Amino acid sequence: MTHEEAPPRSPAVHLVGGRTLSYGDLADLVGEAERSLRHDTKALVLCAGDRDVPTLLAYLAALRLGHTVAFMPASAEILSAYQPEFVVPGPGGGSELADLDYVPAHQVGGSQIFRRRSAAPAGDIFPGTALLLSTSGTTGSPKAVRLSYDGLADNAAAIVRALGVTAAERAPTTLPITHAYGLSVVNSHLSAGASIVLTDRSPLSLAMWDHVIRAGATSFAAVPTTYAAFGPAHVKLLERTEIRTMTQAGARLGDELTMRLVRMMERRQGRFFPMYGQTEATSRITCLDPAALPDRLGSVGTAVPGGVVTIAPVEAHGRAAPGEGAVHYRGPGVMLGYATGRDDLGRGPEVDVLDTGDLGYLRDGYLYLTGRTKRIVKVLGVRTSLDDLERMVERSDHPSAVVCDDDVVYLFGAGDPDVHEQQRRHLAETLGVPSRHVAVRHVDRLPRTPGGKVDYPALAAAVDTQEVGSWN
């Protein structure tokens, strides 16, 4: 994924402590990693780390060798399911691998690589398979998305074009590279001959901002929960940076917060890009040009270059928008298919047009998302969208989420109980159901998936058990 024609002395990776790896340095280190990962056949390289030098080197080397990389935990369940030929543990990890049929082999960037002890072949891998990424909310599960070499390259190129990434850009790794959005930042910038600022700190931490300032970062990528927590201190820190581009994906960003961020970046002669994507599409599907705001407020933009978004008919619900349907996508990065184990890796492409599972509509080519197909329910016979209900009572200062069970709508609120009680009454009136069919559950905070989205299964489980979870 690195730019083949980048000048050897141009910066590629800015490390904590001030050291910088040039593209020449990076090529040498990746070459060393390649020697450690050589195998007679196409191999599976499991990377259990995140945003550290050994993980980055192993990832780039494995792709150069034509192997498949899996960004997954090195748990007994996953190792048994996928039987990777190589495991690159995270910093300080690997001590448990000896009991799981893995032995120390070589080193990458000062970190130990483990090789599968068993000589028996684990099963062929489809030649075009480049990457396995866990789907949102299933980080510890063997289920993964199979992504191709062509899809990885095409999606990175589409992002470069959509954002206008040049070799002068410096992007910090503010998001896990074990997830599609975070990895796409690395892929797009290295493929464009730009550089990355390698950090595993929280995007809200002072340590991360200090590194970003010192390294001269020019862009910032984050999910809505990060931007929602952006306070005056972060705005002051931003003023000390060279950041001129901000991007957002991962979940819906409220209109009020979107415009606040747009205006903040305009004051810096910068740009704020709302985006939309899925792991099943390698990363990003649409991008909203800041010049389209505020006229297109609420939209996630138009398809990235080479992509096409279409709307398929679905059964309407009570508050459906005109033209609303299932969002389908064809274009750069559509997955090969899913996998739950090694046997699945031998399969080729199984998906042509991706059914995203999202609901939305198109206006002049701009996509507006309205919810998830799985979030359409019936309450006392009234078909409704739980996402619509959430938007009706949405307040940035009073986070809330809605789930449904047995004809009862549950509003989980992390704010003033009196405000959430008003929201409850409003929902009951809107639905036209007796008040007892809408209930409030008060929590300290809403549970989130690793990708920053509301963890609805955790909320549903809390309804079933009559208890709030450990996320309270």
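Here are a few worked exercises on the predicted model above.

Some ground rules before we dig in: residues count from 1 along each chain as its sequence is written, and side-chain values use heavy atoms, with hydrogens and water left out. Since the model is predicted, local features need pLDDT of at least 70 and side-chain atom pairs count only at pLDDT 80 or more, while totals for chains, interfaces and linings use all residues.

**Exercise 1. Work out the strand order of the open sheet that holds E10 and E11, and find its edges.**

Step 1: get the vocabulary straight. Strands (E, at least two residues) and helices (H or I, at least four) are DSSP runs, numbered from the N terminus. Two strands pair if DSSP finds at least two bridges between them.

Step 2: lay out the order. The open sheet has four strands, reading E2-E1-E11-E10, with mixed pairing. Its edge strands are E2 (20-22) and E10 (170-172), each pairing on one side only. From one strand to the next, the twist averages 25°.

Step 3: zoom in on one pair. Three bridges link E10 with E11 (residues 195-197) in the parallel sense, and Ala-171 sits opposite Ile-196 of E11.

Step 4: see what lies across the sheet. Helix H5 (residues 180-191) lies across E1 (11-14), E10 and E11, and runs at about 145° to E11. For angles like this, axes are lines fitted to C-alpha atoms, for helices over the stretch in contact, and the values run from 0 to 180 degrees between N-to-C directions.

**Exercise 2. How do H4 and H5 cross, and which residues make the contact?**

Step 1: look at the geometry. The axes of H4 (residues 149-163) and H5 come within 9 Å and cross at roughly 75°.

Step 2: name the arrangement. H4 is therefore roughly perpendicular to H5 (under 35 degrees is roughly parallel, over 145 roughly antiparallel, 65 to 115 roughly perpendicular, the rest oblique).

Step 3: list the residues in contact (heavy atoms within 4.5 Å). H4 brings Leu-152, Ala-156, Ile-159 and Val-160, and H5 brings Ser-184, Asn-187, Ser-188 and Ser-191.

Step 4: sort them by class. You get four nonpolar, four polar and no charged residues. The classes put Ala, Val, Leu, Ile, Met, Phe, Trp, Tyr, Cys and Pro as nonpolar, Asp, Glu, Lys and Arg as charged, and the others, Gly among them, as polar.

**Exercise 3. Take two loop residues, Thr-178 and Arg-19: is each one buried or exposed?**

Step 1: place them. Thr-178 is in the loop between E10 and H5, and Arg-19 is in the loop between E1 and E2.

Step 2: apply the cut-offs. Buried means under 20% relative accessible area, exposed over 50%, and partly exposed in between (1.4 Å probe, protein chains only). Thr-178 has 19% relative accessibility, so it counts as buried. Arg-19 has 53%, so it counts as exposed.

Step 3: check the surroundings, leaving aside neighbours within four places in sequence. Thr-178 is in contact with Gly-49, Asp-50, Phe-71 and Leu-133, while Arg-19 is in contact with Val-13 and His-14.

Step 4: add the extras. The side chains of Thr-178 and His-179 make a polar contact at 3.2 Å. That term covers a pair of N or O atoms within 3.5 Å; within protein, one must be able to donate a hydrogen and the other to accept it, and residues adjacent in sequence count only if both atoms are side-chain atoms. Arg-19 and Ala-215 are 196 residues apart in sequence, yet 9.4 Å apart in space, C-alpha to C-alpha.

**Exercise 4. Figure out which residues of H6 are buried, and what covers them.**

Step 1: read off the residues. In H6 (residues 206-215), the buried ones are Met-208, Trp-209, His-211, Val-212, Ile-213 and Ala-215.

Step 2: find the cover. It includes E1, E10, E11, E12 (219-222) and helix H8 (232-239).

Step 3: look just past the helix. Gly-216 follows H6 and has a positive phi, near 70°.

**Exercise 5. Why does E18 count as largely enclosed, and what does it pair with?**

Step 1: five of the six residues of E18 (residues 325-330) are buried, so the rest of the structure largely encloses this strand.

Step 2: E17 (residues 308-312) runs antiparallel to E18, joined by five bridges, with Val-309 opposite Tyr-329.

Step 3: E20 (residues 354-363) also pairs with E18 in the antiparallel sense, over four bridges; there, Asp-355 is the bridge partner of His-328.
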